[in-house]
Each structure stands twice: as C-alpha cells, then as structure tokens.
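Me: I should be grateful for a close look at one part of this structure, namely the disulfides and the cysteines that form them. Please treat the matter as one connected account.

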Amino acid sequence: AGPSMEGRIPCFVFCPFLLPYVWRGPPPRHASISRGRHRAPRLASAPCSPCPTGTAQPAAGQTACLPCLDGEVQALTGQTSCTRCPPGTFDDGTEVCATCPAGSAAGAGSCAPCGPGTFTASDGAETCEPCQVGFYQPGGGQSACLACPDGEVQPATGQTACEACPAGTFDDGSETCAPCAPGTVQPDPGQTGCLACAEGSV
C-alpha cells in the first residue's frame, strides 16, 4: 500500500502561490544600444535615450554621453561626435561657433581680447598682430594702432608708446631722431626740425 494521505494538504492548494517563484529559465538577452544613445544605469529595461546637445557618444552599449571638449560644439541630439570650431571662431556657450570680433582673436575654446601693443582689424582673426613701426597701442582689445605724434618716434613693432626726440635732435620722418645739422640748434624735445643759429653764433 502506498503512503497514507491522512493529515496532508494536496499540492494544488499552495502551488499557485509558488508559481511566481518558479525559475522559468534564463532572462532574455538585452538588445544592444546603438551609438549616439545611452541607457541610464540600473534601468536595463529602459529604452535607449539620444545624447543631448553638447554631448556625443561614439561607442555602443554605454550608460552615459561624453561632453564636448573646449572649442567643440554639438547642436544636435543623438550624435557620435562633436565638431571643433574653425579658426577665428569660438564656442559661445550655445553650441554655436561664433566669430571673434575685431580687437580679439580665437584662443583655446574662447575669444580673447588683443593685448596692448597688438590689434586685429577685422572679425574672425586667429591671432593678434603687433603694431607696426611708427605706431603704438596702449590699450587692449583694439582694432587699430595709433600713429606716433609729430616729434616722437617708434622704431620697433608691438609697442605701447612712442618716444619723444630729445633736445638737439628732431623727428626726420624715418622713425629715428636725427641730430641737428651744423649751424642749427633745437633746445626742446619732441620737435620736427632744428632752428638756425642766430647771427653771431654757431
């Protein structure tokens, strides 16, 4: 005779409650995430989201997007790379490469004003130019240099001031202070010529 069923409860009474805990085989494999998208950590069942503007993701199966580097922009979503701003432009913070205005030049991801003694005459400059001989610029962020006043010279480039010709010399227009010729004199500095000696003097 088989074992007695006395005092036992048939399986069909509890088995329905145990069904959720019954192993039903390996879970389904997750679909791969395409490039330009990411899946948030711990949300394996969530759909992949496109990378927002200002970011990119070149690899598939990632959980985060990479921010664009300095000097790079990305105005679209779901992209695999950022775009570097061309020379003479910079990232203005709105994912647009803006043109540097006159008086400035594009640096590493930004637009910097030209320093004293330098300038840029037009928009979109890559570098600032030094003031030419005979010119100067004491301020920064300028679009032009200033010509030396009469009686002053500047034989070097990239300068912030001119030099007045000392007494006994004059500005001859060649950015040098020439000495007064014999029979002439110049007692004052910063002059453009010399004076003839008075009668009875040399």
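Reply: Cys165 is buried, since its relative accessible area is 0%. In this predicted model, Cys165 forms a disulfide with Cys177, with the two sulfur atoms 2.2 Å apart. The link between Cys165 and Cys177 is left-handed, with -85° about the S-S bond. Cys165 sits in the loop between β16 (163-164) and β17 (169-171), while Cys177 belongs to strand β18 (residues 177-179), so the bond ties together parts that are 12 residues apart in sequence. Cys177 has a relative accessibility of 27% and therefore counts as partly exposed.

Cys197, by contrast, takes part in no disulfide; the nearest cysteine sulfur, that of Cys180, is 8.9 Å away. Cys197 counts as partly exposed, because its relative accessibility is 23% and the buried class requires a value under 20%.

The structure holds nine disulfides, and two others may be described in the same manner. One of the nine joins Cys85 to Cys97, with an S to S distance of 2.2 Å. The torsion about this S-S bond is about -85°, so the disulfide of Cys85 and Cys97 is left-handed. Cys85 is placed in the loop between β6 (83-84) and β7, and Cys97 in strand β8 (residues 97-99); the pair therefore ties together parts that are 12 residues apart in sequence. Cys85 counts as buried at 11% relative accessibility, whereas Cys97 is partly exposed at 26%.

Cys97 also has a part in the surroundings of Thr89, a residue of strand β7 (residues 89-91). Leaving aside neighbours within four places in sequence, Thr89 is in contact with Cys97, Ala98, Thr99, Cys100 and Ala106. Thr89 is buried, with a relative accessible area of 14%, and its side chain reaches the backbone oxygen of Pro86 at 2.6 Å. Cys100, one of the residues that Thr89 touches, lies 8.3 Å from Ala112, C-alpha to C-alpha, although the two are 12 residues apart in sequence. Ala112 is in strand β10 (residues 111-113) and is partly exposed, with a relative accessible area of 34%. Beyond four places in sequence, Ala112 touches Ser104 and Ala105.

A further disulfide joins Cys114 to Cys128, with an S to S distance of 2.1 Å. This link is left-handed, with -85° about the S-S bond of Cys114 and Cys128. Cys114 lies in the loop between β10 and β11 (118-119), and Cys128 in the loop between β11 and β12 (129-130), so the pair ties together parts that are 14 residues apart in sequence. Cys114 counts as buried at 2% relative accessibility, while Cys128 is partly exposed at 26%.

Residues of β11 recur in the contacts of Gln142: beyond four places in sequence, Gln142 touches Gly103, Thr118, Phe119, Thr120 and Gln137. Gln142 itself is in the loop between β13 (135-136) and β14 (146-147), and its side chain reaches the backbone oxygen of Gly140 at 2.9 Å.

As to the setting of these bonds, the protein has one helix and 20 strands, and 24% of its 202 residues are buried. The mean pLDDT is 83, and 76% of the residues reach 70 or more. Over residues 11-31, however, pLDDT stays under 50. Where pLDDT is low, the predicted coordinates should not be read in detail.

How values were computed:
Residues numbered from 1 in each chain as written. Predicted model: local features only at pLDDT ≥ 70, side-chain atom pairs only at ≥ 80, totals over all residues. Heavy atoms only, no water. Helix = DSSP H or I, 4+ residues; strand = E, 2+ residues; numbered from the N terminus. Contact = heavy atoms within 4.5 Å. Polar contact = N/O pair within 3.5 Å; in protein donor to acceptor, adjacent residues only side chain to side chain. pLDDT = per-residue confidence, 0-100. Buried < 20%, exposed > 50% of the residue type's maximum accessible area, 1.4 Å probe, protein only. Disulfide = S-S within 2.5 Å.
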